Amino acid sequence: MAGDWSTMPLDLLVDISMKLETCEDFIYFSLVCRWWNRVASSIKNEWKGNPTPWLLLAENKNENPECHRKIFNLKNNKCYKFTLPDIFESRCSGSAYGWLAMIDRSLNVKLFNPISKAHIPFPSLENFPDIVGYNPELHETEDKYINLILTRFVEKMVVLKASQSCRHEFVIVTFSTFGIAVARPGDQSWTSILTGKQKYSMVDVVVMEDHVFALYRDGKLVYWNAEEFFNLEFVNQIDYSPSQRGILGKGLRYRFNKVYLVQSGIQLIMVIRFNEEVFDEAGEDLDDDIGYETYGFEVYKLDPIHKLWKEIKEFYGLTLLVGCNSSMSVSGNYLQESAIYFTDDENQFWNQPKELGGHDMGVYDMKTDEISRFYEGDDMRSSTCTPTLFIPQF
């Protein structure tokens with residue numbers, strides 16, 4: 001006679017659920033019966049599992065009244081369909097903490113968890129330093145103005161998780177054409193990190209232990225005490241390593257190339273991404289379907305003794321995630337090692353009449369210097385929210 005799953009003891013179910021490796025396994029566990037669902041709900045915040053990156057795909061705006069959105073699992077190559085009206089027509093950026101940083105078409109900003117549907121509000125983008133509001137004399141329509149903000153003004157959104165000593169658990173750092181600013185839940189406006197010409201040259205930011213490190217376009221590295229940073233105190237910026245124009249000069253002479261800062265344990269890694277324009281057969285105009293593509297990467301690890309960037313050709317057991325999301329690293333044997341999974345972040349092209357963003361996505365093998373696709377579906381293109389990588393959590 002089959003056992004009654006609904007009568008299994010609490011301690012046994014907790015022990016089983018804590019051994020589940022993936023987010024989808026935990027979800028399936030919660031769907032067995034009401035009792036298992038209650039157990040899963042009570043411990044989901046303690047469950048850690050093995051981080052498996054997911055890819056939030058571009059939305060289908062046609063005949064999609066229920067706002068379905070597909071999410072692709074990089075481990076098993078399966079797609080899941082979620083009902084996500086909260087992020088419909090919104091610009092999204094994934095993170096390592098389960099949250100998507102999102103901006104809707106009213107310029108409201110929040111963190112949204114696509115699994116739990118929880119959300120944390122942040123200040124509106126209308127309260128961003130130096131932002132110019134809609135002006136019918138400058139912008140043809142308000143809709144085009146919103147598209148301009150979502151695609152051209154906002155270049156990157158990074159979600160940072162504070163150390164336990166900080167009062168605010170999360171902040172969003174927004175990189176824009178007007179500079180870089182930070183906001184916390186409950187703030188009324190965004191606070192600029194830098195002033196003057198410096199505010200245009202910072203490209204990425206990460207938290208490592210009790211410090212927040214930021215990378216400049218020329219390879220210069222600076223840091224703040226994490227508690228001061230999360231309290232929006234940016235005066236005590238400390239130089240950590242000098243610029244290395246000899247390394248970066250060759251990679252940044254073209255306007256499409258990008259630089260990322262990735263934290264892995266106590267290591268800091270700098271990634272340079274090389275992009276190029278793709279022309280039509282005549283070689284006169286940009287290809288209408290492609291326009292641009294990534295053709296290579298270089299990876300550098302910070303030497304903490306000499307405080308210089310040293311090029312590396314592989315890293316055992318580690319995978320990097322860069323692009324239209326917070327820069328992240330994951331370890332484990334379910335993704336390609338010594339590889340860089342990248343998404344399309346050439347946002348200046350996303351709202352062009354002839355092409356939409358999202359196609360410049362793939363995985364770069366550091367050992368072979370080759371690029372391949374990790375997703376081949378037809379739902380990559382979008383004018384506002386191209387695919388973004390995130391690590392699901394509850």
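This is a short talk through one protein model, taking a four-stranded sheet, the helices around it, and a few single residues in turn.

Before anything else, please keep in mind that what we have here is a predicted model, and that residues are numbered from 1 along the chain.

Let me begin with the sheet. It is an open sheet of four strands, in the order β8-β9-β10-β11, and the pairing is antiparallel. Because β8 and β11, the latter being residues 191–192, stand at the edges with a single partner strand each, one side of each is left without a neighbour in the sheet. As general background, strands of a sheet pair through backbone hydrogen bonds, either parallel or antiparallel.

Now let us walk across the sheet, pair by pair. Strand β8, which covers residues 154–161, pairs with β9 in the antiparallel sense over seven bridges, and within that pairing V158 stands opposite V173 of β9. On the next step, β9 is joined by five bridges to β10, residues 179–183, again running antiparallel, and here T174 stands opposite A181 of β10. The connection between β9 and β10 is a hairpin, made through two residues. Finally, two bridges join β10 to β11, and these strands run antiparallel as well, with V182 standing opposite T191 of β11.

I would like to stay with β9 for a moment. How many of the residues of β9, which spans 170–176, are buried? The strand is mostly covered, and seven of its seven residues are buried. If you look at the directions of the side chains, F170, I172, T174 and S176 point one way from β9, whereas V171, V173 and F175 point the other way, and all of these are buried.

What lies across these strands? Helix α4, residues 142–153, lies across β8 and β9, and it runs at about 65° to β8. In α4 the buried residues are Y145, I146, N147, I149, L150, T151 and F153. Those buried residues of α4 pack against β8 and β9, and also against β4, residues 91–94, and β5, residues 100–103.

From the sheet I turn to two single residues that touch one another, K156 and V203. K156 lies in strand β8, and with a relative accessible area of 10% K156 is buried. Leaving out residues up to four places away in sequence, K156 touches a list of residues that includes V173, T174 and F175, together with R91, D204 and Y260. A polar atom of the K156 side chain lies 3.5 Å from the backbone oxygen of N325, and N325 is also among the residues that K156 touches.

V203, for its part, has its place in strand β12, residues 202–208. V203 is buried too, because its relative accessible area is 10% and the cut-off for buried is under 20%. Setting aside neighbours within four places in sequence, V203 is in contact with K156, F175, L215, Y216, R217 and V259. Of these, L215 is 12 residues away from V203 along the chain, and yet the C-alpha atoms of V203 and L215 are separated by 5.9 Å.

Next, a word on backbone angles. In general, most residues other than glycine have a negative phi. E209, in the loop between β12 and β13, has a positive phi near 55°. L232 has a positive phi near 65°, and L232 lies in the loop between α5, residues 226–230, and β15, residues 238–241. Which of these two loop residues is buried and which is exposed? E209 counts as exposed, at 58% relative accessibility, whereas L232 is buried, with a relative accessible area of 17%.

My last item is a pair of helices earlier in the chain. Two packed helices are described by the angle between their axes and the distance between the axes. Helix α1, residues 10–18, and helix α3, residues 34–43, pack at an angle of about 65°, with their axes 10 Å apart, and α1 passes α3 in a right-handed crossing. On the α1 side the contact involves L10, L13, V14, S17 and M18, which meet W35, W36, V39 and I43 in α3. The residues of this contact divide into eight nonpolar, one polar and no charged.

How values were computed:
Predicted model: local features only at pLDDT ≥ 70, side-chain atom pairs only at ≥ 80, totals over all residues. Heavy atoms only, no water. Buried < 20%, exposed > 50% of the residue type's maximum accessible area, 1.4 Å probe, protein only. Pairing = 2+ DSSP bridges. Axes fitted to C-alpha atoms, helices over the stretch in contact; angles between N-to-C directions. Left-handed = near helix turned anticlockwise from the far one by under 90°. Contact = heavy atoms within 4.5 Å. Nonpolar A, V, L, I, M, F, W, Y, C, P; charged D, E, K, R; others polar. Polar contact = N/O pair within 3.5 Å; in protein donor to acceptor, adjacent residues only side chain to side chain.
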